Amino acid sequence: MSVRIILADDHRIILEGLEQLFRREPDFEVLGTCTNGLEALEMVRELSPDVLVLDVDMPRMDGITVLREIHELRIPTRVVLLTATVGDADVLEAMRLGAWGLVLKEAASVRLVQSVRSVVRGERALDQALVSKALEKVVRRDGKENPLSPREHEVVRMVASGLRNKEIAMRLSISEGTVKSYLHAIYEKLDVHGRVELTLYAQEKGLL
């Protein structure tokens with residue numbers, strides 16, 4: 001079954017490139033393209049695609065606002081944000097609103113396709129450098145309220161994205177035993193019990 005996708009970018013040259021990119025992939029069906037945020041939201045509401053690839057900086061309605069509307073309307077479409085630059089506040093807000101992907105425009109086209117495929121499989125595809133930078137800012141700002149270290153934040157994010165201990169260990173180049181130690185410390189600090197409760201806590205506190 002094809003992955004039904006909508007593409008949104010206000011630069012027509014980029015939009016045409018994205019369309020050609022995904023039309024070359026046999027497992028994708030491009031339902032439509034649009035050049036402003038309001039049109040993107042209307043198209044999502046009408047067609048209910050599996051994935052929306054959405055530029056953050058859009059006229060009429062910016063990408064974060066479109067994401068917020070999709071989140072509040074409980075539309076099941078998974079949103080992958082595409083951006084040239086994005087501030088820490090927007091990164092955190094995108095995570096809070098349930099963005100499935102955040103990809104820099106400077107990334108190779110194959111990276112974008114891989115990210116969308118990861119999202120379709122139920123995996124988050126968030127640029128780690130952007131997320132880590134934003135989370136470190138939260139730690140500095142709310143250190144007394146937020147007892148987690150930057151590395152523990154990384155573990156929380158990976159747990160929330162559905163990764164298993166073995167996969168987390170591989171990503172961070174540490175042992176599974178060390179991952180378990182991190183999780184034990186995180187559970188103690190946040191007074192949560194298990195991965196599901198941790199994910200819900202992180203979503204509520206804006207840690208994702």
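# A tour of two pockets, two cores and three residues

In this predicted model, start by selecting α5 (109-120), β6 (125-126) and α7, each of which supplies at least two residues to the lining of the second largest pocket. The largest share of that lining comes from α5, with four residues.

**Stop 1: the second largest pocket.** Keep the selection and add R124, A125, L126, Q128 and R171, the residues that lie nearest the centre of this pocket. Its lining has 15 residues, and its volume is about 300 Å³. Colour the lining by class: four residues are nonpolar, five are polar and six are charged.

**Stop 2: S161.** Now select S161, in the loop between α7 and α8 (165-172). Is S161 buried or exposed? S161 has a relative accessible area of 12%, under the 20% limit, so the residue counts as buried. Show G122, E123 and R124 as well; S161 touches these, leaving out residues up to four places away in sequence. Then draw a distance from the side chain of S161 to the backbone of M158: a polar atom of that side chain lies 2.7 Å from the backbone oxygen of M158.

**Stop 3: the largest pocket.** R124 was among the residues nearest the centre of the previous pocket, and R124 is also one of those nearest the centre of the largest pocket. Select H71, L97, G98 and A99 along with R124 to complete that central group. The volume here is about 460 Å³, and 23 residues form the lining.

Which elements should be shown around the largest pocket? Display α3, β4, α4 and α7 (150-160), since each gives at least two residues to the lining. The greatest contribution is from α3, with four residues. Coloured by class, the lining shows 12 nonpolar, five polar and six charged residues.

**Stop 4: E93.** Go to helix α4 and select E93. With a relative accessible area of 19%, E93 is buried, because the limit for that class is under 20%. Add I64 and R68 to the view; E93 is in contact with both, its neighbours within four places in sequence being left aside.

**Stop 5: the largest nonpolar core.** Select L52, L54, I70 and L81, the residues with the most contacts inside this core, which has 29 residues. To see where the core draws its residues from, show the strands β1 (3-8), β3 (51-55), β4 (78-83) and β5 (101-104) with the helices α2 (37-47), α3 (63-72), α4 (88-96) and α6 (128-141); each supplies at least two core residues.

Which residues does I70 touch? Centre the view on I70 and display L41, V44, L52, I75, T77 and V79, the residues that I70 touches when those up to four places away in sequence are not counted. Next, hide the largest core and select F28, V30, L112 and A125: these are among the 20 residues of another core, which lies apart from the largest one. A125 has already appeared in this tour, among the residues nearest the centre of the second largest pocket.

**Stop 6: D57.** Finish in the loop between β3 and α3, where D57 is placed. D57 has a relative accessible area of 58% and is therefore exposed, the cut-off being over 50%. For a last distance, join the C-alpha atoms of D57 and A99: the two residues are 42 apart in sequence and 15 Å apart in space. A99 is one of the residues nearest the centre of the largest pocket.

Key:
Residues numbered from 1 in each chain as written. Predicted model: local features only at pLDDT ≥ 70, side-chain atom pairs only at ≥ 80, totals over all residues. Heavy atoms only, no water. Core = buried A, V, L, I, M, F, W, Y, C linked by side-chain atoms within 4.5 Å. Buried < 20%, exposed > 50% of the residue type's maximum accessible area, 1.4 Å probe, protein only. Contact = heavy atoms within 4.5 Å. 1 Å grid on protein atoms, 1.4 Å probe; cavity = no way out; pocket = protein on both sides within 12 Å on 5 of 7 lines; lining within 4 Å. Points joined across faces, edges and corners; volume = space filled by probe spheres on them. Nonpolar A, V, L, I, M, F, W, Y, C, P; charged D, E, K, R; others polar. Polar contact = N/O pair within 3.5 Å; in protein donor to acceptor, adjacent residues only side chain to side chain.
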